[in-house]
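Reader: Please take a close look at one interface in this model. I want its symmetry, its area, its polar links and its make-up.

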Amino acid sequence: MKSHTEYLFFNTKQRKEFVNITQNIEKIVNISNVQEGFCLVSAMHITAAIWVNDEEEGLKQDVVEWLENIAPSKKNYSHHRTGEDNADAHLKRTILHHQVILPITKGKLDLGPWEQIFYAEFDGQRKKRVVVKIIGE
Amino acid sequence: MKSHTEYLFFNTKQRKEFVNITQNIEKIVNISNVQEGFCLVSAMHITAAIWVNDEEEGLKQDVVEWLENIAPSKKNYSHHRTGEDNADAHLKRTILHHQVILPITKGKLDLGPWEQIFYAEFDGQRKKRVVVKIIGE
Amino acid sequence: MKSHTEYLFFNTKQRKEFVNITQNIEKIVNISNVQEGFCLVSAMHITAAIWVNDEEEGLKQDVVEWLENIAPSKKNYSHHRTGEDNADAHLKRTILHHQVILPITKGKLDLGPWEQIFYAEFDGQRKKRVVVKIIGE
């Protein structure tokens, strides 16, 4: 069994931002030299998510608006008594989920025709980290 | 380490449909001959999900209604400017999540008493694909 | 390849309760003696979830209230025609998702600075089970 671990770092310009990381992950898969295995991509900070979906501007805008609708940024969260103001980011991350497992087949990411991998930041403008871990052979 | 990869294909009669695939996955686990490992089941199209829950008609109806309530099918999504009409399907897939990892123990799916695996289609009536990938020994 | 499987049992005092299981998982990782691998933590009953987020009382209260808001406990679910009264628990589990994969690096859980692992019970006061399965080397 082989394993390979890397970390991606993000410091987004916007507080909320979607970053397409598909090519970053493809490169790490190549470096790992794993032919058959699993690639875990997991946000290590609890106000960010990993989302697999479509690289289409309208849809990304829809998702942002929808998340704001079902998990609104507002003042009166109990979490904010700690001095934080990002409770909505914790909820938005929860909806999208913070991790995916990508299959690796014949040395390549085994994705569907439209699957793209996004780092979804909900409380950025500071350094955040994602772990990418591959196991296989 | 062993690995085994198969693809399931779906072309549902209804646009939105839940298909119980537990037996399909059990068969693939048997074929793989893996005794201890993980089985990834992941929808490769971005308007479908994989959901582990109860095979109970009433509950499935509740889930469909609840998803329609929090991620409604409606006209005015930005994504629809591309000519698509399925933005709600992308959101519904996001809520249910598009993949699960099933543990394999002593050569069998290690599921709880009520866990059943569903392919959840939100924009069907055309050919769609799911990857099933097992690694273990 | 090594594998290691354990089960955690819960019988919460409250019907809905969050239990921090980070130390339980750390102990199992130690026992497994796996240096590089994946640790699956998956709720085996379909009214409980596994949630990775912050050990902060206010935030946990926010999440409980938010889940009640978007997946309310109420009488008129179709599932309740079976005699059950826990349809909301199935929906709440679906939002949080029922499983996570934790990376193991250099023999330890490779978590971010604030990541804590919770067993999220939505229909407790009875015996429930979680599978913890590690594969790696």
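Author: Buried area is the accessible area, taken with a 1.4 Å probe, that two parts lose on being put together, summed over both. In this predicted model, chain A and chain C bury about 2,600 Å² between them. Carbon and sulfur atoms hold 62% of that area. The contact draws 30 residues from chain A and 34 residues from chain C.

Next, the symmetry. A turn of 120 degrees, with a shift of 0.0 Å along the axis, lays chain A on chain C. The RMSD is 0.0 Å. The two copies are therefore related as by a three-fold rotation axis.

Now the polar links. The rule finds two salt bridges across the interface of chain A and chain C. One of them joins the side chains of Lys133(A) and Glu36(C), at 2.6 Å from N to O. That passes the salt-bridge cut-off of 4 Å. Polar contacts across this interface come to 13 residue pairs, with both residues at pLDDT 80 or more.

Which elements of chain A supply the side that touches chain C? Five segments each give at least two residues: the strands β1 (2–10), β3 (37–43), β5 (99–105) and β8 (128–136), and the helix α3 (87–96). The largest share, six residues, comes from α3(A).

Last, the make-up by class. The side of chain A that touches chain C has 16 nonpolar residues, 11 polar ones and three charged ones.

Technical notes. Residues are numbered from 1 along each chain as its sequence is written. Chains are lettered from A and ligands numbered from 1 in the order in which they are written. This is a predicted model: local features need pLDDT of at least 70, side-chain atom pairs count only at pLDDT 80 or more; totals for chains, interfaces and linings use all residues. Side-chain values use heavy atoms; hydrogens and water are left out. Copies are superposed by least squares on the C-alpha atoms of residues with pLDDT of at least 70 in both. Contact means heavy atoms within 4.5 Å. A polar contact is a pair of N or O atoms within 3.5 Å; within protein, one must be able to donate a hydrogen and the other to accept it, and residues adjacent in sequence count only if both atoms are side-chain atoms. Helices (H or I, at least four residues) and strands (E, at least two) are DSSP runs, numbered from the N terminus. Ala, Val, Leu, Ile, Met, Phe, Trp, Tyr, Cys and Pro count as nonpolar, Asp, Glu, Lys and Arg as charged, and the others, Gly among them, as polar.
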